[in-house]
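Me: I am new to this structure and would like to learn how to read it, one feature at a time. Could you take me through it slowly, with the general idea before each case?

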Amino acid sequence: NFPKGKPPISIIEDGPIRIIVEAIFVHDASYIVQRYIVNKNRPIVHIEQVIFWTEHDKKLRLELIHAPKLSKIEVEKAYSIEDETKTPGAEAGVEKDMQHFLRLSGKGGAFAVISHGTHSYAHKGGQLQMGILRSPGYGTHETELPKDFDRYLNRYIIRQDQGLRNAKFTLLFGERAATRDAVARASYECNVPLEPFIYFPTLKTKKKAKSRSFASTDAKNVLVTAIKKAEEGDELVIRLWETAG
C-alpha cells in the first residue's frame with residue numbers, strides 16, 4: 001500500500017523503441033522491484049529484478065505460464081544443447097541445471113528464456129520456473145538428522161543469498177526463438193554485450209576511422225567462443241561451437 005508515495009505498478013518510460021513497466025512486490029521484510037522492458041520493434045522482453053531478500057530456508061523463482069502444447073524443452077549445457085523433454089523428472093517439477101538459455105517449442109511455435117547469471121529451472125505442465133535465490137543455512141547438510149538436532153536451534157546460522165541481489169531474464173519470441181542457433185546467438189549477444197566508450201582523439205585527421213572484426217564466421221550456426229595463443233609457437237587456438245545440431 002503506497003498512500004502517499006509511488007504506486008506499486010507504474011509506467012516509467014514509454015517511447016518509440018521500448019516501454020518500461022515497473023512493479024513492486026513486498027513479502028514480510030523482503031521486496032522485489034521488477035521491471036518489464038518491452039521492445040516495440042523486436043519480439044524481445046527483458047525482466048530486470050532488484051531484490052532485497054530476508055527469507056530463511058526459502059527458494060525464489062520466476063514463474064512463467066505458457067501453452068502446454070509447447071512441451072519440447074531444449075537446454076544449453078557445456079557447448080551443447082540437450083533435449084530434456086523426456087529426461088527423468090522432466091515433467092515432475094524436478095530442478096535441473098542450465099547455462100545461458102532454454103527453449104520451449106511445439107506445434108504452436110516456440111519461445112526462449114535467456115538467463116543473465118542464474119542457472120537452474122524446473123518445469124511442470126505449462127509452468128516454467130526459473131531459479132533465482134535460495135536461502136538455506138550453511139553447514140546443515142545432513143541427509144539423516146542427528147539426535148542432537150537442537151544444536152542447530154541454539155546458535156545463529158548464516159543464511160545464503162541474503163540482502164540486496166539482482167537478476168535478469170530475456171524472453172525471445174518469433175524469429176529470435178524459431179531455431180536453436182538463433183537462440184544460441186541471441187544468448188551470447190545478451191550475456192556478452194557491447195562495451196561503449198568515449199574517445200577523444202588528439203591527432204586531427206581527415207581520414208575516417210575504419211572498423212573491423214578481429215574474428216567472425218559466415219555461418220549463423222557457428223559461434224567463436226574462445227581464442228588463445230598456443231602454448232608453443234605463434235599459432236592461435238580457436239574454439240568454435242556449432243549450435244544447430
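Reply: Let us begin with two terms that will be needed for the helix: contact means heavy atoms within 4.5 Å, and the angle between two elements is taken between their N-to-C directions, on axes fitted to C-alpha atoms. Please keep in mind throughout that this is a predicted model.

Me: With those terms in hand, which strands does helix α1 lie across, and at about what angle does it run to β10?

Reply: Helix α1, which covers residues 180-191, lies across β6 (72-77), β7, β9 (101-106), β10 (109-115) and β13. Its direction makes an angle of about 25° with that of β10.

Me: In what order do the strands of the open sheet come, and in which sense do they pair?

Reply: An open sheet is read from one edge to the other, and here nine strands follow one another in the order β1-β2-β3-β4-β13-β10-β9-β6-β7, with antiparallel pairing. At the edges are β1 (9-14) and β7 (80-83), each of which pairs on one side only. From one strand to the next, the twist averages 20°.

Me: How many bridges join β4 and β13, and which residue is the bridge partner of V45?

Reply: Strand β4 (residues 44-53) and strand β13 (residues 163-172) are paired in the antiparallel sense over ten bridges. One partner to look for is L171 in β13, which is bridged to V45.

Me: Where does A178 lie, and what is its relative accessible area?

Reply: A178 is found in the loop between β13 and α1. Its relative accessible area is 47%, and because partly exposed covers the range between 20% and 50%, A178 counts as partly exposed. In sequence A178 and F111 are 67 residues apart, while in space their C-alpha atoms are 7.5 Å apart.

Me: How should I read the pockets, and what volume does the largest pocket have?

Reply: The general idea is that a probe the size of a water molecule, rolled over the atoms, shows where empty space is left. The largest pocket has a volume of about 380 Å³, and its lining includes R185, Y188, E189, V222 and L223. Two or more lining residues come from each of α1 and β14 (222-229), and by class the lining has seven nonpolar, two polar and two charged residues.

Me: Which residues lie nearest the centre of the second largest pocket?

Reply: Of the 17 residues that line the second largest pocket, N39, R42, I44, H46 and C190 lie nearest its centre. Its volume is about 250 Å³, and its lining divides into eight nonpolar, four polar and five charged residues.

Methods
Residues numbered from 1 in each chain as written. Predicted model: local features only at pLDDT ≥ 70, side-chain atom pairs only at ≥ 80, totals over all residues. Heavy atoms only, no water. Pairing = 2+ DSSP bridges. Helix = DSSP H or I, 4+ residues; strand = E, 2+ residues; numbered from the N terminus. Axes fitted to C-alpha atoms, helices over the stretch in contact; angles between N-to-C directions. Buried < 20%, exposed > 50% of the residue type's maximum accessible area, 1.4 Å probe, protein only. 1 Å grid on protein atoms, 1.4 Å probe; cavity = no way out; pocket = protein on both sides within 12 Å on 5 of 7 lines; lining within 4 Å. Points joined across faces, edges and corners; volume = space filled by probe spheres on them. Nonpolar A, V, L, I, M, F, W, Y, C, P; charged D, E, K, R; others polar.
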